[in-house]
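The following exercises concern a single protein chain. Please study the sequence and the structure, attempt each task, and then compare your reasoning with the worked solution.

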Amino acid sequence: MTTAVQRVAAKAPRPRMKRGKDDTRLALTFLLPASIGFLVFYVLPALRGFYYSFTNYSVLTPPEWAGVDNYARLVQDPLFWNALWVTIYYVLLNIGFQTMIAIGLAVLMQRLTNSTFLRGVALLPYFVANVVVALVWYFMMDYQVGIVNVFIEAIGLDRVAFFGESAWAIPTVAFINVWRHMGYTALLVFAGLQTINKSLYEAADIDGANEGRKFWLITLPLLRPVLAMVLVVTVTGSFQIFDTVAVTTQGGPINATRVINYYIWDLAFGQLDFGYASALAVVLFLILLGVSLVQLKLTRANESDEL
């Protein structure tokens with residue numbers, strides 16, 4: 001009896017499993033506009049700029065092949081090395097203070113308040129255009145009539161030429177951008193804090209750990225993947241600083257704020273030396289690529305300390 005049933009069951013047609021609907025074509029359809037924009041506005045200009053870096057090109061005349069002359073000129077250009085040093089100095093100030101303040105704000109938002117309003121207030125400066133922020137602070141820090149210098153003089157100190165002295169110019173530019181971006185960076189870190197298991201803090205409380213030990217032994221190690229992403233994004237953005245310098249100091253005083261992006265812009269659109277400017281842009285791209293890879297390697301961004 002059992003054998004007969006098994007024979008009938010074997011001969012009976014098996015029901016076919018329904019295959020899931022293939023959404024590949026639909027996904028490609030949605031990706032197509034963005035892909036076209038990326039190709040037209042990023043890939044093709046990048047390839048064209050790479051070609052121009054091996055030419056002498058001034059827009060007014062056709063490009064002439066120059067080989068590696070632009071790169072050889074770059075090595076011996078003191079303005080390039082000054083611009084690179086100024087940019088690195090700005091990045092160290094901006095990223096150092098911005099990251100520390102952002103982590104502090106994120107921890108305070110997590111530990112002390114659940115107010116969505118306060119989190120929104122922290123993000124407000126980021127919603128203002130960078131040019132507007134730079135101009136507002138430029139007038140507030142004006143040597144003659146700026147409210148900051150009026151306050152400094154009122155408490156008995158000497159006025160400070162924030163944008164007019166070489167020693168103050170880059171720290172002032174860095175301060176402006178720290179003020180604008182710290183809320184946004186804090187929210188990124190805050191999002192990372194939400195992924196940490198609360199039971200770890202409860203276990204630390206049972207062991208008698210204070211807030212400082214919990215931060216160093218739990219929060220900071222488990223934030224490493226998020227911090228790696230945040231650092232890559234913020235460092236890359238800091239190396240591309242341009243608008244704040246363009247509307248305040250224009251590279252002065254005496255090249256003290258001539259960051260590399262402003263130098264590239266001046267070469268291309270001020271001196272119409274597009275070939276040499278393209279060579280500098282290629283070198284900047286390689287620098288950013290190297291810095292990003294080193295950051296990801298050192299921070300072990302693909303690993304987590306959580307068990």
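A residue is called buried when its relative accessible area is under 20%, exposed when that area is over 50%, and partly exposed in between. The model used throughout is a predicted one.

**Exercise 1. Classify Arg258 as buried or exposed, and describe its surroundings.**

Solution.

Step 1. Locate the residue: Arg258 belongs to the loop between α12 and α13.

Step 2. Apply the cut-off. Arg258 has a relative accessible area of 14%, and is therefore buried.

Step 3. List the contacts. When neighbours within four places in sequence are set aside, Arg258 touches Ala83, Val86, Gly251, Tyr263 and Asp266.

Step 4. Examine the polar contacts of the side chain. One joins Arg258 to the side chain of Asn255 at 2.7 Å, and another joins Arg258 to the side chain of Asp266 at 3.4 Å.

Step 5. Compare sequence and space. Phe242 is 16 residues from Arg258 in sequence, while their C-alpha atoms are 9.2 Å apart.

**Exercise 2. Determine how many residues of helix α13 are buried, and what covers them.**

Solution.

Step 1. Helix α13 spans residues 260-270, and eight of its eleven residues are buried.

Step 2. Name the buried residues: Ile260, Asn261, Tyr262, Tyr263, Ile264, Asp266, Leu267 and Ala268. Two of these names, Tyr263 and Asp266, also appear among the contacts of Arg258.

Step 3. Identify the cover. The elements over these buried residues include α4 (78-112), α11 (224-239), α12 (243-248) and α14 (274-299).

Step 4. Look just beyond the helix, where Leu272 adopts a positive phi of about 55 degrees.

**Exercise 3. Find the residue that forms a salt bridge with Asp273, and state which parts of the chain the pair links.**

Solution.

Step 1. The partner of Asp273 is Arg73, with the closest N and O atoms 2.9 Å apart.

Step 2. Place both residues. Asp273 sits in the loop between α13 and α14, and Arg73 in helix α3 (residues 69-75); the pair links distant parts of the chain, 200 residues apart.

Step 3. Classify each partner. Asp273 has 18% relative accessibility, so it counts as buried. Arg73 has a relative accessible area of 39%, so it is partly exposed.

Step 4. Consider the total: the structure holds four salt bridges. Among them is the pair Arg159 and Glu153, whose closest N and O atoms are 2.9 Å apart. Arg159, at 22% relative accessibility, is partly exposed, and Glu153, at 44%, is also partly exposed.

Step 5. Another salt bridge joins Asp205 and Lys214, with the closest N and O atoms 2.7 Å apart. Here Asp205 is partly exposed at 43% relative accessibility, whereas Lys214 is buried at 4%.

**Exercise 4. Explain why Gln98 is classed as it is, and identify the partner of its side-chain polar contact.**

Solution.

Step 1. Gln98 is found in helix α4.

Step 2. Its relative accessible area is 4%; because this is under 20%, Gln98 is buried.

Step 3. The side chain of Gln98 makes a polar contact of 2.7 Å with the side chain of Thr185.

Step 4. Beyond neighbours within four places in sequence, the contacts of Gln98 are Asn177, Val178, His181, Met182, Thr185 and Thr234.

**Exercise 5. Identify which residues form a nonpolar patch on the surface, and classify Leu47 within the patch.**

Solution.

Step 1. The patch consists of Leu32, Ile36, Phe38, Leu39, Val40, Phe41, Tyr42, Leu44 and Leu47, and their accessible area together is about 960 Å².

Step 2. Leu47 lies in helix α2, which covers residues 24-52.

Step 3. With 54% relative accessibility, Leu47 counts as exposed, because 54% is over 50%.

**Exercise 6. Relate the UniProt annotations to the helix content of the model.**

Solution.

Step 1. According to an unreviewed UniProt entry, the annotation "domain: ABC transmembrane type-1" covers residues 84-295. In the model this span is 77% helix and 0% strand, and its end C-alpha atoms lie 19 Å apart.

Step 2. The unreviewed entry also gives the annotation "transmembrane region" for several spans, including 26-44 and 160-179.

Step 3. Residues 26-44 are 100% helix and 0% strand, with end C-alpha atoms 26 Å apart. Residues 160-179 are 70% helix and 0% strand, with end C-alpha atoms 19 Å apart.

Note on methods: Residues numbered from 1 in each chain as written. Predicted model: local features only at pLDDT ≥ 70, side-chain atom pairs only at ≥ 80, totals over all residues. Heavy atoms only, no water. Patch = residues over 30% accessible without salt bridge, like charges linked within 9 Å, V, L, I, M, F, W, Y side chains within 5 Å. Areas by Shrake-Rupley, 256 points an atom, 1.4 Å probe, with all protein chains shown as cover. Salt bridge = Lys/Arg side-chain N within 4 Å of Asp/Glu carboxyl O. Helix = DSSP H or I, 4+ residues; strand = E, 2+ residues; numbered from the N terminus. Buried < 20%, exposed > 50% of the residue type's maximum accessible area, 1.4 Å probe, protein only. Contact = heavy atoms within 4.5 Å. UniProt positions renumbered as here; feature names shortened; annotations may be inferred. Polar contact = N/O pair within 3.5 Å; in protein donor to acceptor, adjacent residues only side chain to side chain.
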